[in-house]
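Hi,

Here is the model I promised to pass on to you. Have a look at it first, and my notes on what turned up follow below.

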Amino acid sequence: MKNPERRWRGQRGMTLIETVVALALFALTAATMSRFLVAQIRHASNNNLQTRAYALVEEELEAMRAQRFADMAGGSKLVTESAVQYTVATTVADDTPSNGLKTINVNVSWKDPVGPRNVQVSTIYTEVRRF
């Protein structure tokens with residue numbers, strides 16, 4: 001039978017200190033990457049909420065456009081999507097900036113983990129007369 005000491009004599013392995021240093025470097029790298037990952041997820045979430053807010057602005061402006069020019073009026077409503085509550089506020093200013101024109105402002109606001117956010121879009125409509 002072979003001697004067990006002779007079998008391990010030519011082989012070298014990692015020591016406990018090398019293993020601890022390697023694990024510490026891995027933990028430091030993982031902690032740094034997780035911090036960047038969390039920030040990236042927050043930004044992606046904010047972009048998603050902002051995109052939805054602009055979609056609500058578009059829906060409101062299209063609803064205003066579908067009305068007769070004389071019937072356009074401001075208002076406010078609450079819209080809840082994916083556990084986020086949006087407030088859509090519309091104001092209509094007659095004869096602004098000139099006679100026969102209406103300035104329509106749509107403001108969509110919501111709260112996200114960073115704080116309150118809002119999106120505002122303004123446009124000018126005129127009456128279209130069909131002959």
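**Salt bridges, and the rest**

K77 is partly exposed, with a relative accessible area of 42%. In these notes buried means under 20% relative accessible area, exposed means over 50%, and partly exposed is in between, using a 1.4 Å probe and protein chains only.

Before going further, a word on the source: this is a predicted model, in which local features need pLDDT of at least 70 and side-chain atom pairs count only at pLDDT 80 or more, while totals for chains, interfaces and linings use all residues. Residues are numbered from 1 along each chain as its sequence is written, and side-chain values use heavy atoms, with hydrogens and water left out.

Back to K77, then. This lysine forms a salt bridge with E60, and the closest N and O atoms are 3.3 Å apart. The pair links distant parts of the chain, 17 residues apart, with K77 in strand β1 (residues 75–81) and E60 in helix α2. Unlike its partner K77, which is partly exposed, E60 is buried at a relative accessible area of 13%. I call a contact a salt bridge when a side-chain nitrogen of Lys or Arg is within 4 Å of a carboxyl oxygen of Asp or Glu. Helices (H or I, at least four residues) and strands (E, at least two) are DSSP runs, numbered from the N terminus.

How many salt bridges does this rule give? The count comes to 6. Among them is the pair D71 and R68, whose closest N and O atoms are 3.9 Å apart. Here D71 is partly exposed at 45% relative accessibility, and R68 is exposed, with a relative accessible area of 60%. D94 also forms a salt bridge, with K102, at 3.4 Å between the closest N and O atoms. D94 counts as partly exposed at 47%, whereas K102 is buried at 6%. In addition, R52, E59 and E81 are joined into one network by salt bridges that share partners.

**Backbone details**

You may want to check the backbone in the loops. As a rule, most residues other than glycine have a negative phi, and most peptide bonds are trans. In this model, a cis peptide bond joins T96 and P97, with omega at about 5°. P97 is found in the loop between β2 (84–94) and β3 (101–112). D95 is in the loop between β2 and β3 too, and its phi is near 55°, a positive value in a residue other than glycine. The relative accessibility of D95 is 46%, so this residue counts as partly exposed.

The loop between β1 and β2 holds A83, where phi is again positive, near 65°, in a residue other than glycine. A83 counts as exposed because its relative accessibility is 79%. S82 lies in the loop between β1 and β2 as well, and is exposed at 73%. How far apart are S82 and T19 in space? From C-alpha to C-alpha they are 46 Å apart, with their positions 63 residues apart in sequence.

L101 and T126 are 25 residues apart in sequence, and their C-alpha atoms are 4.8 Å apart in space. L101 is found in strand β3 and is partly exposed, at 23%.

**Pocket and surface patch**

T126 turns up again in the lining of the largest pocket, together with R65, Q67, R68, F69, A70, M72, Y125, E127, V128 and R130. The pocket has a volume of about 310 Å³. A pocket here is an open set of points on a 1 Å grid over the protein atoms alone, where a 1.4 Å probe fits, with protein on both sides within 12 Å along at least five of seven lines; lining residues have an atom within 4 Å of a point. Grid points are joined across faces, edges and corners, and the volume is the space filled by probe spheres set on the points. By class, the lining has 5 nonpolar, 2 polar and 4 charged residues.

On the surface, I17, V21 and L25 form a nonpolar patch, with about 310 Å² of accessible area together. Patch residues have over 30% relative accessible area and no salt bridge, and nonpolar side chains are joined within 5 Å. L25 is in helix α2 (residues 16–66), and is exposed at 52%.

Best wishes

Technical notes
Ala, Val, Leu, Ile, Met, Phe, Trp, Tyr, Cys and Pro count as nonpolar, Asp, Glu, Lys and Arg as charged, and the others, Gly among them, as polar. Patches are made of residues with over 30% relative accessible area and no salt bridge: like charges are joined within 9 Å, nonpolar side chains (Val, Leu, Ile, Met, Phe, Trp, Tyr) within 5 Å. Accessible areas come from the Shrake-Rupley method with a 1.4 Å probe; for residues, only the protein chains shown count as cover.
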